[in-house]
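User: Please take me through this structure one question at a time, giving the cut-off for each term as it comes up.

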Amino acid sequence: MTAIVEVRDLTKHFGKVRAVDGVSFTLEQDRIYGLLGRNGAGKTTLMSLLTAQEFASSGSVEVFGHSPVENAGVLEQTAFIKESQKYPEDFRVKHVFRSAPWFFANWNADLAGSLAQDFRLPLDRRIKKLSRGQLSAVGVIVGLASRAPLTFFDEPYLGLDAVARQLFYDRLLADYAEHPRTIVLSTHLIDEVSNLLEHVLVIDEGRILIDSDAETLRGSAVTLAGTAATVDAFASGREVLHREQLGGLATATVPALDATDRRAAEKAGLELTPVSLQQLIVRTTTASEEELS
Amino acid sequence: MDDSRPIFQQIAEQIENDIISGVLPEETQVPSTNEFAAFHRINPATAGKGVNLLVDTGILYKKRGIGMFVAPGSQARLVAERRDQFRTQYVEPLLVEAEKLGITADQLGTMIREAGR
């Protein structure tokens, strides 16, 4: 595996706010990453630093072995689709697609055309006349058809309906299978994308909390439910990620159990339920908040 | 796909199920990694991991440049493995639930015979 992005001790502060706080990680070639975290966690700032739209306060960023700052060779291999991507208002949709090859070395006009049909995007309509969802579709299409070896999608779906989002995931997978590249999806809709991800980065308060293979995280925790006494007896000696109580009943989320422990838990009368990636991340990011306060 | 286990294991299990039920007869080609990924809407690397799990255990074998095929003898082998697991996967949880409800082993036996009719 080849690392195409290397980030070391990266920090960015805006005044007193540390939006990104001493972060180190690598991104490997041809993988799909999830960059997950709450609002204001630092996701957009981090992606802006990687694409040289913001400058680091300290630390280093290398993309394809070079600093991305003022580096056209790196930037034409990189696409960054923002949540509210701006295009000149008087442009028509077709003008956006026609100017895209100036910025993206691997731009594929055929793909853009077929995606525009899939998303039912009127090519002759002016940008300012597009609905919120249609504007997002323009961004999604530019991101996919750029076929950039490093592509960032930052919450690209504002206003996109469920059908259009599914279309985006399907086309993303299909094109990725034919033309592998590194894709970073930043999103709140974790359940929707979790199966697409190979690797997950969770960021909170500017720090990386989780940097792990998605398959390792899946099934890494289980929730026990039963009477409070049984739950606590079984959970004692284990790391408890989360605990809730309702009268005499309690639930506790603990690291995954092996087959013997599962059987013991079931025999003790406990109900076991899996913890989805989304729940796991909600619990991890709320737990870190409790530690801080 | 459920959340409790890694997806690659679930992919491997589904292929195994199709071999056991005869949907994928021995010596036939199984779908490609990208076809599995598109159908289940999962990452192709994850689908590939599931397929490779079965290559490692000899259930599937690779024909260079063509794809993955079901190895001869796979069906009988998988049936034997699943029979070994039947006790822990099905019988033991059944007994746990039966005991919770006060159903005796005799009553359980009667129920199974009646349901089988």
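User: Against which elements do the buried residues of α6(A) pack?

Analyst: This is a predicted model in which local features need pLDDT of at least 70 and side-chain atom pairs pLDDT 80 or more, while totals for chains, interfaces and linings use all residues. Residues are numbered from 1 along each chain as its sequence is written, with chains lettered from A and ligands numbered from 1 in the order in which they are written. Helices (H or I, at least four residues) and strands (E, at least two) are DSSP runs numbered from the N terminus, and contact means C-beta atoms, placed from the backbone, within 7 Å. The buried residues of α6(A) (buried: 20 or more other C-beta atoms, placed from the backbone, within 10 Å of its own; exposed: 12 or fewer; partly exposed: in between) pack against α2 of chain B together with, in chain A, β3 (32–36), α5 (132–145) and β7 (182–186).

User: Which residues of α6(A) are buried?

Analyst: One side of α6(A) carries A:Val163 and A:Glu178, which are exposed. The buried residues cover an arc (of the directions from the helix axis to the C-beta atoms) of only 125 degrees, and this puts them on the same side of α6(A). They are A:Phe168, A:Leu172, A:Leu173 and A:Tyr176.

User: How far apart are the end C-alpha atoms of α6(A)?

Analyst: Helix α6(A) comprises residues 162–178, and its expected span (1.5 Å times one less than its number of residues) is 24 Å for 17 residues. The model agrees with this, as the end C-alpha atoms lie apart by 25 Å.

User: How many of the 14 residues of α5(A) are buried?

Analyst: Helix α5(A) reaches 20 Å from its first C-alpha to its last, close to the 20 Å expected, and just after it A:Arg147 takes a positive phi of about 45 degrees. Its buried residues, among them A:Val138, A:Val142 and A:Leu144, pack against β5, α3 (93–99), α4 (109–118), β6 and α6 of chain A. The helix is mostly covered, and the number of its 14 residues that are buried is 11.

User: In β6(A), which residue is the bridge partner of A:Thr78?

Analyst: In strand β5(A), residues 78–81, A:Thr78 and A:Phe80 point one way and A:Ala79 and A:Ile81 the other, and all are buried. Side chains in a regular strand alternate between the two faces of the sheet. Strand β5(A) runs parallel to β6(A), residues 150–154, and 4 bridges join them. In β6(A), the partner of A:Thr78 is A:Leu150.

User: Which strands of the sheet β2-β1-β4 of chain A stand at the edges?

Analyst: This open sheet of 3 strands is antiparallel in its pairing, where strands pair if DSSP finds at least two bridges between them. Strand β1(A), residues 3–14, is joined to β2(A) by 8 bridges, and A:Leu10 stands opposite A:Val23 in β2(A). Two strands have a single partner each, so one side of each is left without a neighbour in the sheet, and these are β2 (17–28) and β4 (58–63) of chain A.

User: Which element gives the most residues to the side of chain B that touches chain A?

Analyst: The contact takes 19 residues from chain A and 21 residues from chain B. On the side of chain B, two or more residues come from each of α1 (7–21), α2 (33–40), α3 (44–56) and α4 (74–100). With 4 residues, the element that gives the most is α4(B).

User: What percentage of the residues of chain A count as buried?

Analyst: Chain A has 11 helices and 13 strands, and its C-alpha atoms fill a box of roughly 65 × 45 × 35 Å along the principal axes. Of its 293 residues, the share that count as buried is 39%.

Notes: Two residues are in contact if their C-beta atoms, placed from the backbone, lie within 7 Å.
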